[in-house]
Amino acid sequence: MVVGICDDEIIVRESLEKYVSELLGTAKCVQFSSGDEILHYYLCPDKPEIDILLLDLAMAETDGMVVAETIQAKIKEKEQSVRLTKPLIIFVTGIQDRMAEAFNVNAFDYIVKPINKDKFKNTVLSAAEEIKRIDLLPNSCREENHITIKNGGTTFSLNEEDIVCIESVGRKVVIHALGRKIEIYGKIGEWEQNLGDTFFRVHKSYLVNMKHVKKYTRGDITMASGQQALLSKYRYNDFVQSYMNYIADRES
């Protein structure tokens with residue numbers, strides 16, 4: 001396993017390498033002092049693949065968020081799933097208020113300095129287990145239409161097409177999929193940003209997959225599974241237009 005450590009302070013890099021070596025004795029650590037260094041390494045096809053990337057945010061010139069966004073863009077260019085493609089990015093930073101941005105680029109976790117060693121241990125060991133699972137997946141499961149969902153202590157892959165709709169309930173989202181219902185903590189807006197074009201936000205509390213729409217009225221939508229979703233009067237016209245476009249594209 002290869003662990004990348006990117007921070008512009010050498011004392012931080014050395015400390016992180018020491019922590020990683022204690023947790024993952026056989027892992028090879030590769031240090032980078034800037035965002036440009038890690039991107040040069042990542043974009044070079046002859047370099048060993050990085051499994052886990054410990055990434056600082058506040059760095060001169062190319063900061064950590066730019067690094068993460070560049071890696072995400074390259075993965076998407078290959079039509080692969082960001083959630084099932086290495087490296088798994090763990091932000092290790094002194095900045096507390098950019099966590100939402102971190103999860104928009106599908107970061108595995110976000111650790112705030114000064115580092116809590118128990119938090120670091122749990123995160124790194126979880127990431128290492130996730131890497132083992134990813135390595136066992138067939139290539140077809142790494143395509144863009146597959147997503148990874150963490151539910152409690154369980155992590156599994158779900159085909160995006162099988163998601164019927166997503167409902168926001170308090171601090172949780174409920175994923176209504178074919179044959180299953182999954183409740184996890186999160187915001188429906190994050191799912192709206194990351195799912196494909198067949199998904200439409202029909203209400204502040206509902207995101208539907210147009211593939212599974214059976215019928216609709218001015219106030220609600222009935223999915224093929226029987227699940228009901230509210231349809232906002234303010235989004236009715238936009239939804240109808242998008243749904244008609246979806247039907248036309250499917251039949252062409």
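How are H2 and H3 oriented relative to each other: roughly parallel or roughly antiparallel? The tour of this predicted model begins with that pair.

**Stop 1: helices H2 and H3**

Select residues 35–42 for helix H2 and residues 64–77 for helix H3; their axes lie 10 Å apart and make an angle of about 15 degrees. Angles under 35 degrees count as roughly parallel, and H2 and H3 are therefore roughly parallel to each other. The crossing in which H2 passes H3 is right-handed. To display the contact, show Gly35, Ile38, Leu39 and Tyr42 on H2, together with Val67, Thr70, Ile71, Lys74 and Ile75 on H3. By class, the residues of this contact comprise six nonpolar, two polar and one charged.

**Stop 2: the five-stranded sheet**

Next, bring the parallel sheet into view. It is open and consists of five strands in the order S2-S1-S3-S4-S5. At its edges are strand S2 (28–32) and strand S5 (109–112), each of which pairs on one side only. On average, neighbouring strands in this sheet are turned by 20 degrees against each other when direction is ignored.

Within the sheet, select residues 2–6 and residues 52–55: these are strands S1 and S3, which run parallel and are joined by four bridges. Cys6 is a convenient residue to label here, with Leu55 of S3 opposite.

Now add the helices that lie on these strands. Helix H1 (residues 10–23) lies across S1, S2, S3 and strand S4 (88–93), and its direction is at about 165 degrees to S2. H2, already selected at the opening stop, lies across S1, S2 and S3 and runs at about 130 degrees to S2.

**Stop 3: helices H1 and H5**

Keep H1 on display and add helix H5, residues 117–136. The axes of H1 and H5 come within 11 Å and cross at roughly 60 degrees; the two helices are therefore oblique to each other. Their crossing is right-handed. The H1 side of the contact is formed by Leu16, Tyr19, Val20, Glu22 and Leu23, and the H5 side by Lys117, Phe120, Lys121, Val124 and Leu125. Seven of the residues in this contact are nonpolar, none is polar and three are charged.

**Stop 4: backbone features in the loops**

Three loop residues merit a look at the backbone torsions.

- Select Glu61 in the loop between S3 and H3. Glu61 is not a glycine, yet its phi is positive, at about 60 degrees.
- Move to Pro87, in the loop between H3 and S4. The peptide bond from Lys86 to Pro87 is cis, with omega near 5 degrees.
- Continue to Pro114, in the loop between S5 and H5. Lys113 and Pro114 are joined by a cis peptide bond whose omega is about -5 degrees.

**Stop 5: the S9–S10 hairpin**

Select residues 172–177 (strand S9) and residues 180–185 (strand S10), which run antiparallel and are joined by six bridges. Ala177 stands opposite Arg180 in S10. S9 and S10 form a hairpin with two residues between them, and Gly179 in the turn has a positive phi of about 80 degrees.

**Stop 6: the three-stranded sheet and helix H7**

The next selection is an open, antiparallel sheet of three strands, ordered S13-S14-S15. Strand S13 (213–216) and strand S15 (228–230) are at the edges with a single partner strand each, so one side of each has no neighbour in the sheet. The average turn between neighbouring strands here is 25 degrees, direction ignored. Strand S14 (residues 220–223) pairs with S15 in the antiparallel sense over three bridges; opposite Asp220 is Leu230 in S15. Helix H7 (residues 236–251) packs on this sheet, where it touches S13 and S14, and its direction makes about 140 degrees with that of S13.

**Stop 7: an aromatic pair**

How many aromatic pairs does the count come to? The total is nine. One to inspect is Tyr216 with Tyr236: the ring centres are 6.4 Å apart and the planes are at 65 degrees, so the pair is edge-to-face. Tyr216 belongs to strand S13 and Tyr236 to helix H7; the pair thus links distant parts of the chain, 20 residues apart.

Terms used:
Residues are numbered from 1 along each chain as its sequence is written. This is a predicted model: local features need pLDDT of at least 70, side-chain atom pairs count only at pLDDT 80 or more; totals for chains, interfaces and linings use all residues. Side-chain values use heavy atoms; hydrogens and water are left out. Axes are lines fitted to C-alpha atoms, for helices over the stretch in contact, and angles run from 0 to 180 degrees between N-to-C directions. Angles under 35 degrees count as roughly parallel, over 145 as roughly antiparallel, 65 to 115 as roughly perpendicular and the rest as oblique. A crossing is left-handed if the near helix is turned anticlockwise from the far one by less than a right angle, and right-handed if clockwise. Contact means heavy atoms within 4.5 Å. Ala, Val, Leu, Ile, Met, Phe, Trp, Tyr, Cys and Pro count as nonpolar, Asp, Glu, Lys and Arg as charged, and the others, Gly among them, as polar. Two strands pair if DSSP finds at least two bridges between them. Rings of Phe, Tyr and Trp (its six-membered ring) pair if their centres lie within 6.5 Å; planes under 30 degrees apart count as stacked, over 60 as edge-to-face and the rest as tilted.
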